[in-house]
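Biologist: I am new to this structure and would like a close look at one part of it. Could you take me through the aromatic pairs and what lies around them?

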Amino acid sequence: MSTPRSVVLERLAYTLAAPVLAVAPNLYPDSPVNQIVQLAGAAGIGGWILAAKSDEHGAGRKILRWSPLVLAAAIDTAAGHTTGFGPYGLDALLAAGWAAAGYLVMPFSRHARRRHRPALAAPAPQLAPEAAPEPSAAVPDDGADLLTCDARMLWERAGMPARTHIVNATRHPAMRNDYTLLLRASETGRPITGLTEAAVAAAFFIDESDVSLSPVAIQPGRQGGPGWMEAHLTPDANQRRRKAPTDQERWMDKVGSPKGGAPGSELIHKTRDGVRGVTFYRAKMADATTSPRIDLAKVCRGLGLPEDDSCVFVLIDGTEFLISAFDKPPLSAIFPATRELLTPDAKGMYVCGFTITGQPVKNMVFQHDKNAAAHGLILGVSRSGKTQFFAINMAAQSLDGQVVWLSTVRKDEKTSTLGRYIDRQGSNALWMARSLRAAKALCEIRAEMPWPHDGQPHDYKPGDPRCPYRQLNVYADEFMTAAQDGDFGEFIQTDGDDLTVTGLKYGIGFNPAGQSPFAHNGFSTEMKDNLRQNSRPTIFNMGSPGATRKAAEGTMENAYDVPTIPARYSRNEGSAIERAMKGEADPENGVSTGGVAVMVLDNGRAVLMRSLYADFDTDLADLFPDEVNRLTDHEISELDKRGLWFDWNEPVRPGEFWPEPKEGDGDDDGSSRRGGGGGGKGGGGKRGTKSGSSRESQVTSPRQALEAIKSLNNV
């Protein structure tokens with residue numbers, strides 16, 4: 001065996017340094033060589049101290065390493081204190097002995113080099129197999145194929161990560177560098193712990209993102225459990241996935257990932273409807289116990305779609321959901337109303353509009369399941385499409401043989417046109433108060449109205465041919481404004497509340513409409529509850545998403561799932577950043593959202609729809625029946641007896657709403673008209689007597705206090 005180079009160099013250093021130790025202290029006492037030797041000796045003593053204090057194994061070997069430096073410093077010190085070279089040339093003898101000891105023992109060369117130990121410290125030859133028991137057990141001669149052997153070689157070179165062994169390696173079909181490793185713990189009965197994708201990737205020189213770990217299920221003929229694991233190495237597949245991913249892969253990476261727009265979801269299928277210009281993405285939650293959490297903007301970015309609220313919609317159904325991406329805003333289309341669509345079926349349902357997916361949305365003219373009439377709640381700001389919805393709703397009710405009354409606060413062209421096809425129509429607060437008062441009186445009349453088959457009165461039964469009267473639908477447009485009228489507001493609100501509560505069993509439906517659902521604008525709690533539970537609330541653009549949610553509150557499972565209705569539908573064309581840099585104006589290609597509404601269905605789920613379009617510039621006779629439905633002669637006669645059936649456009653009749661002032665009171669007409677009254681014929685009002693003293697004594701509520709303040713303007 002040849003002598004290592006480090007040993008040869010160390011022997012040469014000892015041989016050359018020995019004369020220096022003997023000569024330098026005697027001939028050159030102040031030479032820097034002596035100082036260097038002393039510093040080296042001090043370092044050696046420091047090494048001895050650290051080795052002695054250390055609890056690690058091999059302290060004696062460390063002390064032996066530093067001994068040549070300490071002995072050299074001692075010889076140098078002794079040579080400096082002797083006369084000449086000392087008696088009998090002691091300095092030279094000590095230096096020669098130091099060189100001989102270093103030449104033979106060589107502590108630095110034999111104790112500092114790795115993988116080389118002195119003969120006395122090396123283990124016995126027969127114990128060598130025990131030093132490396134794992135390699136012999138980790139590479140059993142099991143006749144593995146070449147791929148498995150190569151994988152094992154790389155695995156062993158990496159130090160057997162997490163103390164695991166490769167059982168076999170299986171190449172993926174049509175992939176050169178993709179394969180699956182079946183791993184098991186090196187020790188039987190020990191689970192695999194601490195194995196990471198990074199450790200596997202480092203062993204095979206691939207990226208960490210190209211490695212995935214999965215547990216091994218227990219199968220017949222093969223073990224499994226925590227002591228086994230599969231490592232999937234897919235660098236080729238991932239490279240193809242990054243360049244040209246499939247629809248499922250793109251969804252998994254960009255949408256269903258923990259940071260995606262719908263975390264925990266998986267794509268079922270993607271379909272394209274070229275005729276309608278829409279792409280559907282149907283997905284579901286991987287865990288059936290979780291609910292979808294969808295960020296539509298992030299979903300659009302993940303799928304490479306434009307972030308456009310008017311073209312991309314989501315529909316949630318349990319653990320499944322549907323993303324609809326349209327080429328053009330689907331609700332910008334016009335759906336003309338026809339008599340076929342508006343004719344109610346046996347259950348009182350008719351088509352009132354279409355959703356974004358082209359599905360028909362149905363409204364009801366009566367409640368078949370409750371055997372009662374139906375109310376209506378219609379909300380929306382000006383020019384949002386309320387009157388258009390009035391037209392199709394009234395047409396459907398008229399086609400079902402029902403009577404319709406329409407009252408508005410102010411006269412306009414559309415309501416006047418509708419008046420030609422319905423029983424009665426008026427345009428002021430007085431007309432609305434009279435219609436509500438008459439409808440309330442009809443509840444009493446119909447409660448005593450005998451049915452022809454047995455001569456006894458019964459509750460209203462929609463669709464029953466034996467019923468002696470028709471269903472009546474009372475519309476009150478801008479109801480909130482009318483409820484705040486200084487003269488008739490209290491009558492309108494009081495009679496509206498009563499009609500909402502008691503009208504259904506007598507075949508009378510109340511359909512208020514307005515721009516606000518708040519109680520202080522005319523909607524009492526009882527009215528809102530009854531309207532919401534006995535109708536399909538239709539909410540057009542309320543001006544803001546918050547107002548829309550407020551309008552739908554209490555009618556839905558989750559009011560925050562109310563779809564947003566923008567002021568206009570417009571496509572996001574081009575880049576806003578580029579237009580800003582060039583100083584160009586944004587494109588003005590908006591489409592009105594008039595007629596777009598949120599309808600709350602029976603199950604509390606809101607759908608976004610566009611109502612059918614009734615063209616008021618043409619003849620609406622095609623939508624309405626040939627003859628106008630009216631009250632029966634008996635009902636008109638009873639209303640006339642109560643003084644409630646006449647031309648409701650007439651001025652206020654004496655004593656109609658307020659009692660006439662007594663002779664000698666001296667009050668002017670305005671004061672008597674605005675004074676409280678017990679209600680004229682047919683009821684309706686609930687105000688107190690006229691005199692100021694009695695008014696003051698009857699102020700027991702905030703509403704009465706407000707009325708008293710209003711009356712001060714007429715003093």
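Modeller: Happy to; we will begin with the whole chain, go on to the rings, and then visit the core and the spaces around them. Please keep in mind that this is a predicted model.

The protein has 715 residues, and 43% of them are buried. Its chain forms 25 helices and 22 strands. If we take the contacts between residues at least 6 apart in sequence, 63% of them join residues at least 24 apart.

Now to the rings. A pair of aromatic rings is described by the distance of the centres and the angle of the planes. Searching the whole structure gives 20 aromatic pairs. One of them is formed by Phe389 and Phe540: the ring centres are 5.8 Å apart and the planes stand at 70°, and because an angle over 60 counts as edge-to-face, that is the name for this pair. Where do the two partners sit? Phe389 belongs to helix α14 (residues 386–399) and Phe540 to strand β18 (residues 538–540), so the pair links distant parts of the chain, 151 residues apart. Phe389 and Phe540 are each buried.

A second pair worth a visit is Trp431 with Trp648. Here the centres lie 5.1 Å from each other and the planes meet at 75°, so this pair is edge-to-face too. Trp431 is in helix α16, while Trp648 is in the loop between α22 (633–641) and α23 (669–674). With 217 residues separating them, they also link distant parts of the chain. Trp431 is buried, as is Trp648.

These two tryptophans have company. Trp405, Trp431, Trp645 and Trp648 are linked by ring pairs into a cluster. Arg424 joins the scene as well: it lies over the face of Trp645, 3.8 Å from the ring centre. The charged end of Arg424 also sits over the ring of Trp648, at 4.3 Å from the centre of that ring.

From the cluster we can step into the nonpolar core. In soluble globular proteins, nonpolar side chains tend to be buried together. The largest nonpolar core in this model has 59 residues, and Trp405, a member of the tryptophan cluster, is listed with Val474, Phe479, Ile492 and Leu639 as having the most contacts inside the core. Helix α16 (residues 429–447), the helix that holds Trp431, gives the most to this core, with 12 residues. Ile492 shows what a place in the core looks like: leaving aside neighbours within four places in sequence, it is in contact with Ala429, Met432, Ala433, Leu436, Phe479, Ala482 and Ala483. Another core lies apart from this one and has 36 residues, among them Ala337, Phe366, Val607 and Met609.

Let us return to helix α14, the home of Phe389, and look at the empty spaces. Rolling a probe the size of a water molecule over the atoms shows where empty space is left. There is 1 cavity of 30 Å³ or more, and the largest cavity has a volume of about 100 Å³. Its lining has 17 residues, with Asn363, Met364, His375, Gly376 and Asn393 nearest its centre. Two elements, β10 (360–364) and α14, give two or more residues to this lining. The largest share, 3 residues, comes from α14.

Which space besides the cavity does α14 help to line? It contributes to the second largest pocket, where about 500 Å³ of space lies. This pocket is lined by 19 residues, and those nearest its centre are Arg383, Ser384, Gly385, Gln388 and Lys414. The elements giving two or more residues to the pocket lining are α14 and β22 (606–611), and α14 provides the largest share, 3 residues.

To finish, here are two residues with an unusual backbone feature to look up. Asn371 is in the loop between β11 (366–367) and β12 (372–373). Its phi is near 55°, a positive value in a residue other than glycine, and Asn371 is partly exposed, with a relative accessible area of 38%. Phe205, in the loop between α9 (197–204) and β3 (211–215), likewise has a positive phi, of about 60°, although it is not a glycine. Unlike the buried Phe389 and Phe540, Phe205 is exposed, with a relative accessible area of 61%.

Terms used:
Residues numbered from 1 in each chain as written. Predicted model: local features only at pLDDT ≥ 70, side-chain atom pairs only at ≥ 80, totals over all residues. Heavy atoms only, no water. Core = buried A, V, L, I, M, F, W, Y, C linked by side-chain atoms within 4.5 Å. Buried < 20%, exposed > 50% of the residue type's maximum accessible area, 1.4 Å probe, protein only. Helix = DSSP H or I, 4+ residues; strand = E, 2+ residues; numbered from the N terminus. Contact = heavy atoms within 4.5 Å. Phe/Tyr/Trp six-rings, centres within 6.5 Å; stacked < 30°, edge-to-face > 60°. Lys NZ or Arg CZ within 6 Å of the ring centre and 35° of its normal. 1 Å grid on protein atoms, 1.4 Å probe; cavity = no way out; pocket = protein on both sides within 12 Å on 5 of 7 lines; lining within 4 Å. Points joined across faces, edges and corners; volume = space filled by probe spheres on them.
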